[in-house]
Each structure stands twice: as C-alpha cells, then as structure tokens.
Amino acid sequence: ENAIKNYEDVDSWKTIMFLYNSALKEVGTKLEILNDEFQHVHKYNPIEHIKTRVKTPESIVKKLRKNGYEISIENMVKHVNDIAGVRLICSFTSDIYQLGEMIGNQSDLKVLAIKDYIKRPKTSGYKSYHMLVSVPIFLSDSVVDTKVEIQIRTIAMDFWASLEHKIYYKFEGNAPEYISRELRECAEMVSSLDEKMLSLNRAILDCLREQEELRISTKRN
Ligand code: 0O2
C-alpha cells in the first residue's frame with residue numbers, strides 16, 4: 001500500500017507540501033514579529049523559542065491509518081490537522097494565554113479550533129495549549145487557506161512532552177503501567193514547578209517595582 005499511486009498524486013503531493021511549508025513561513029514570521037514587538041514595548045519576550053516542522057509522510061500515513069481513513073491526499077488535507085506545526089515554548093503559563101489571545105487577534109488568521117490540554121490534561125498527563133488556525137497563502141492567481149497547528153507550552157511542559165513522546169514511541173504505545181504512572185507523577189511535578197516559577201516571577205517583579213518606587217521617592221525627598 002502506497003501513499004502516492006500515480007504522477008498526478010506526486011504532483012499534488014508536492015503542491016500540498018509547498019502550501020504547508022509556505023504556511024509555516026507565514027505563521028513563523030508573524031509570531032517572530034509579535035515577539036519582537038512585545039520585547040520592544042514591554043522589554044520582555046513571551047516566546048522563549050519557536051520550533052517549526054512539517055509532518056513526515058510516514059507520520060501522516062500512520063495518523064490516517066490510526067483514525068481509519070483511506071490513504072489519500074484528500075483525506076490527509078481534510079483529516080490531518082498538524083501537517084504544518086509550530087511549537088511556541090514560553091517561560092510561564094501566563095505567557096501561554098497571552099500568546100493565545102495575541103494569535104486570536106490576528107485578523108488574517110482564522111482560529112478553527114482550540115484544545116486546552118492545560119485546563120484539561122490528557123490521561124497521559126500531557127499539557128499544552130493547541131490552536132488550529134488557517135492562514136491565507138497568496139499565490140499568483142489564487143489564495144489558499146492552509147491549516148497550521150500551533151502548540152503553546154512552557155519549557156517544563158515541553159521537557160515532559162518530549163520525553164513522554166520518546167517513551168511512547170519506544171514502547172509503541174504499550175508502556176508498562178508503572179512507567180505510565182511515573183510519567184503522570186512527573187507531569188504533576190511539572191505543573192507544580194510551573195506554578196512555583198510563575199509565583200516566584202511575580203514576587204520578583206513586585207520586589208523590583210517596590211525598590212524602584214522607593215528609589216524614586218527618596219530621590220524626590
Ligand atoms: P507527532 O509525532 O508529535 O506529530 P489526534 O488526537 O492526535 O488524533 P489532533 O486533532 O491532531 O489528532 O490532536 P491534538 O491533540 O490537537 O494534537 C496531536 C498532537 O499533540 C500530537 O501529534 C502530539 O504532538 C501532541 N500530543 C497529543 N497528546 C500527546 C501526549 O499524550 N503526549 C505527547 N508527548 N504529545 C501529545 P502526533 O501526530 O500524535 O505526533
């Protein structure tokens with residue numbers, strides 16, 4: 001069984017991948033600009049780093065199979081939402097929702113779906129904020145709306161997810177129960193670390209603000 005059966009398919013496969021790559025460039029640049037603007041105005045970067053990737057053909061086929069769809073270009077475009085993927089890694093959970101709002105306010109992006117796995121973590125313990133958006137790609141004689149999945153998470157959540165992803169693949173989804181349990185425990189630790197880091201950051205900012213106010217008032221007197 002092959003994903004691509006004839007020359008027409010090869011051609012449309014190339015066109016589709018060209019669109020997804022273009023969509024990644026558009027969204028990637030947009031997010032960099034938002035981050036730079038934030039740095040310029042607030043002297044702070046909500047995005048620690050940005051990763052982009054297009055899903056491999058193997059992984060696309062695997063996902064279609066898993067969900068019971070026939071392998072075709074049409075099904076892939078319709079049912080695989082994360083062919084173009086952007087991952088935004090932030091320092092604090094508060095950055096995640098701020099970024100989500102900023103993305104939602106971009107008038108050229110359409111938000112198709114939001115999955116908040118922070119408010120409702122997966123049973124694996126997975127936490128992340130997913131936004132499925134579409135971005136218009138302007139071609140010489142048409143405009144094509146192309147889907148991009150944006151995953152927003154903290155450094156700690158990303159650390160957990162990348163380890164869990166590796167383990168999941170190593171065991172092909174059948175990890176022994178004690179390993180899954182320990183991973184869920186780690187996810188709890190990640191959550192409390194994130195909470196602690198957020199409140200510590202708030203305390204630091206408050207402390208600096210108070211010192212600054214004191215400095216100004218002693219200068220005045
Ligand atoms: P990969 O290798 O990262 O590309 P789905 O629920 O997967 O059938 P959908 O609608 O795309 O379909 O789901 P979702 O939940 O919005 O996004 C799926 C992606 O989120 C996954 O892509 C992972 O990147 C990530 N993800 C979801 N659940 C978990 C989890 O339990 N652990 C980890 N580590 N990542 C998760 P893929 O295609 O599964 O994999």
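These are my notes on the ligand shell, the nonpolar cores and one helix residue in a predicted model.

**Entry 1: the ligand**
I started with the ligand and looked up what surrounds it. I found 13 residues around the ligand, and S124, Y126, A161, E164 and H165 come nearest. Next I sorted the shell by class: six residues are charged, five are polar and two are nonpolar. Then I asked which helix gives the most to this shell. That is α5, with three residues. Both α2 (57–66) and α5 (155–170) supply at least two residues each.

**Entry 2: the cores**
I moved on to the nonpolar residues. The largest nonpolar core has 27 residues, and A23, L88, V148 and I150 have the most contacts inside it. I checked where this core comes from: α1 (7–42), β2 (84–90), α4 (93–104), β4 (129–138) and β5 (143–154) each supply at least two of its residues. The largest share is from α1, which gives six residues.

I picked V148 for a second look. Leaving out residues up to four places away in sequence, V148 touches A23, L24, V27, A84, V86, V133 and V135. Apart from the largest core lies another one, of six residues, including A156, M157, A161 and V190. I had already met A161 in the ligand entry, as one of the residues that come nearest to the ligand.

**Entry 3: L208**
Last, I went to helix α6 (residues 177–220), where L208 has its place. Is L208 buried or exposed? L208 counts as exposed, because it has 10 C-beta neighbours inside 10 Å and the cut-off for exposed is 12 or fewer. I also looked up its separation from Q106: the two C-alpha atoms are 33 Å apart, with these positions 102 residues apart along the chain.

Key:
Residues numbered from 1 in each chain as written. Predicted model: local features only at pLDDT ≥ 70, side-chain atom pairs only at ≥ 80, totals over all residues. Near = placed C-beta within 6 Å. Helix = DSSP H or I, 4+ residues; strand = E, 2+ residues; numbered from the N terminus. Nonpolar A, V, L, I, M, F, W, Y, C, P; charged D, E, K, R; others polar. Core = buried A, V, L, I, M, F, W, Y, C linked by C-beta atoms within 7 Å. Buried ≥ 20, exposed ≤ 12 C-beta atoms within 10 Å, placed from the backbone. Contact = placed C-beta atoms within 7 Å.
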